[in-house]
Amino acid sequence: MNGSFISDQFYSKNVRDLHPRHLRMAQHSDPVYECAALMASEKVSCLFIGNSPQEIVGYITDITLRDRLLAAQLPSDIPVSQIMEYDMVSIHPDASLVEALILMFQTKSRYLLVREGDEFIGWISRTKILTEQSQGPFMFIQSVKEARQIPELREKWARMPEIIHLLNTRGMKAGLINQIITTVADTITQRVIERVIKVIGPAPAKFVFIVLGSEGRGELTLKTDQDNAIIYEDKANEHREEVRAYFLDFATRVSTALDQIGIVFCEGDLMAMNPKWTHSLSHWKRNYDAWISDASQETAMNYATFFDCRAIYGAFPLLEELKEYMGNLLEKAPERFFINLGHNALQYEPPLTFFRKIKAEEIDGEKQLNLKQIMRPIVDLARVYALKHRIFDTNTTKRIDGLKEKGVFSAKEALELSHAFDYLMSLRLENQTLSILDQNRKPKNFLKIKALTKVQQVTLIEIFKVIEEFQARIKLSFTRSL
C-alpha cells in the first residue's frame, strides 16, 4: 500500500465543503407511491417526511421501500407514515468528513441530516463522502463491513498497522486514529456475532454485547485484547438455565473467532465467555450496586473498567437501562467510592527523577518507558471526575471536554490534559506500528529512550509535570490529604 492510499485533501475538508443536498420533503399522510414517484423524478435515494425542514419526523430510502413495503407485500397507496424510519442522525456543517464517516459507521446510518443551530439545512450520503475520499481508511472500513469469512477478517485486521502508520505520519490526530481502530474492531466483532448467530440460531432472549476498557472508551491501539460482556433480559425462571447456556456458548464462539482473527483473548479473562461476565440485567444491576456500595480499594481497581462500557450489538436499551440505574447509584454513592477510584489514579507516578529528568525502566538491557502506564493516570483521573459529576461519556477526551463544560476544569487545564493524552497516544501508536512493520515484532507499549529526539524528551518531561499537578489535585479533592 503506498501513499496514494490516503487522499490528503480529504482530511482537511468538512461537511459544508461537500455541498449538502437540498431536503426533498413529503407529508406523512402522502401515499407511498407518490413519495416513490417524487424520489424518481428528483433522482434522490432519501426523502424526508414532515411539514417543513424544521419539523422533520422521519424519512424513507430506497431500502425502506424494498424492505418495508415490497417485501412485506403492502399496497403502495398506504400513507408513508406506516413505513417511514425515525432514527435520524444529524451533524454540524463544520464537522470534518472524518467525523461524519465515523458517526455514520457507528450509527449504521447511510444518510446524515446537516443541522446548523435549530435548522436542518440539507443532507449527505455515505456514498458521496466515500466517493470524495475514494482511497482511504473509510473505504477500508466499508470493505471490512462486507467481509464475512474469518480468513478475510483476519487479513483485514493484519492490514491495520500499515493504515495506522500512514495516518500517523500524515499528522492525523491520535484520537481520530483510535476511533478508526475502534470502528474496525467493532465492525469485525459485529460480523463475527452475525456469523455465530447464523450457525447456532437466534438468541432465546434480547441481549446486548458490550465492550469495556480501551475499546469501551474508543481508545483502541494496535496492542489490544478482548474486553467484553453480555447483558440479557430477565427471563422467567423455568428458562433461566437454557438462556444462560446459549449465551455462554455464543460468547465462547465469538471470542474464539476474534482470537483467530488477531483480536486476542484477554489475559485477565474479562470476556463474556467467562460466566462471571454474562448475566441478566437484574444481576448486572446487583453487580454495580455491590461495587459502588462496597467501595474498597481492591473493588475500585478491579471493576473500574466496567464504568467504560459501550454497546456494539443487540438491544442497546438494556445497557441504557443499566447506565440509568448506575447514574442513580452514583448520586447516592458513598464518598469512599470516589476516594478509592481517585486512589486508582495515584497508583502510578510519572517517571521523573528528583532533578526533573526522565526516569526509565531497564528492560532487556535498554532504558525504556511504559507508555500505557504513563497514560493510565489521565484515563483514571478523567473517569473519576466524570463519574463524580455524572458525565456518562466513556471516551477520555470527551470526558475532559464535559468536565470543562461543567466548569470542573478550566479551558487551559482541559487543553493541557487533552494535549498530553493525544501526544502520548500518538507516540504509542507510532511505536507500535514501527515495531510491527520494521521489526516484524508484536506491538508493545514500551518505548526505548534512545529512540526519542531531544524535542520529544523535553515534551515528555513537561507532560509528566502536567500529570503530577493533576495527581496532586486529585489527592486534595478525593483523599483530602496532600
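## The four-stranded sheet

Four strands line up in the order β9-β8-β7-β10 to make an open sheet with mixed pairing. The model is a predicted one, which is worth keeping in mind as you look around. At the edges of this sheet stand β9 (278-280) and β10 (310-314); each has a single partner strand, so one side of each lacks a neighbour in the sheet. From one strand to the next, the twist averages 30 degrees.

Now for one of the pairings. Strand β7 (residues 207-211) and β10 run antiparallel and are joined by four bridges. If you want a spot to look at, find Val208, which stands opposite Gly314 in β10. As a reminder, strands of a sheet pair through backbone hydrogen bonds, in either a parallel or an antiparallel way.

## Helices on the sheet

Which strands does helix α8 touch? Helix α8 (residues 174-200) packs on the sheet and touches β7 and β10, and its direction makes about 30 degrees with that of β10.

Helix α13 (residues 316-331) also packs on the sheet, where it touches β7, β8 (228-232) and β10. The direction of α13 makes about 150 degrees with that of β10.

## Two nonpolar cores

In soluble globular proteins, nonpolar side chains tend to be buried together. Here, the largest nonpolar core has 135 residues, and those with the most contacts inside it are Phe138, Ile188, Val192, Phe250, Tyr288 and Phe409. Take Tyr288 as an example: leaving aside neighbours within four places in sequence, Tyr288 is in contact with Phe306, Phe307, Cys309, Leu322, Met326 and Leu329.

Another core, of 23 residues, lies apart from the largest one. Val32, Ile56, Phe120 and Trp123 are among its residues.

## The β2-β3 hairpin and Ala26

Strand β2 (residues 46-50) pairs with β3 in the antiparallel sense over five bridges, and a hairpin of five residues joins β2 to β3. One bridge to follow by eye is that of Cys46, whose partner in β3 is Thr61. Strand β3 (residues 56-61) is mostly covered, with five of its six residues buried.

Is Ala26 buried or exposed? Ala26 has a relative accessibility of 7%, so it counts as buried, the cut-off being under 20%. Ala26 belongs to strand β1 (residues 25-26). Not counting residues up to four places away in sequence, Ala26 touches Cys35, Leu47, Phe48, Ile49 and Gly50. As for Ser477, it and Ala26 are 451 residues apart in sequence and 55 Å apart in space, C-alpha to C-alpha.

Methods: Residues numbered from 1 in each chain as written. Predicted model: local features only at pLDDT ≥ 70, side-chain atom pairs only at ≥ 80, totals over all residues. Heavy atoms only, no water. Helix = DSSP H or I, 4+ residues; strand = E, 2+ residues; numbered from the N terminus. Buried < 20%, exposed > 50% of the residue type's maximum accessible area, 1.4 Å probe, protein only. Contact = heavy atoms within 4.5 Å. Pairing = 2+ DSSP bridges. Axes fitted to C-alpha atoms, helices over the stretch in contact; angles between N-to-C directions. Core = buried A, V, L, I, M, F, W, Y, C linked by side-chain atoms within 4.5 Å.
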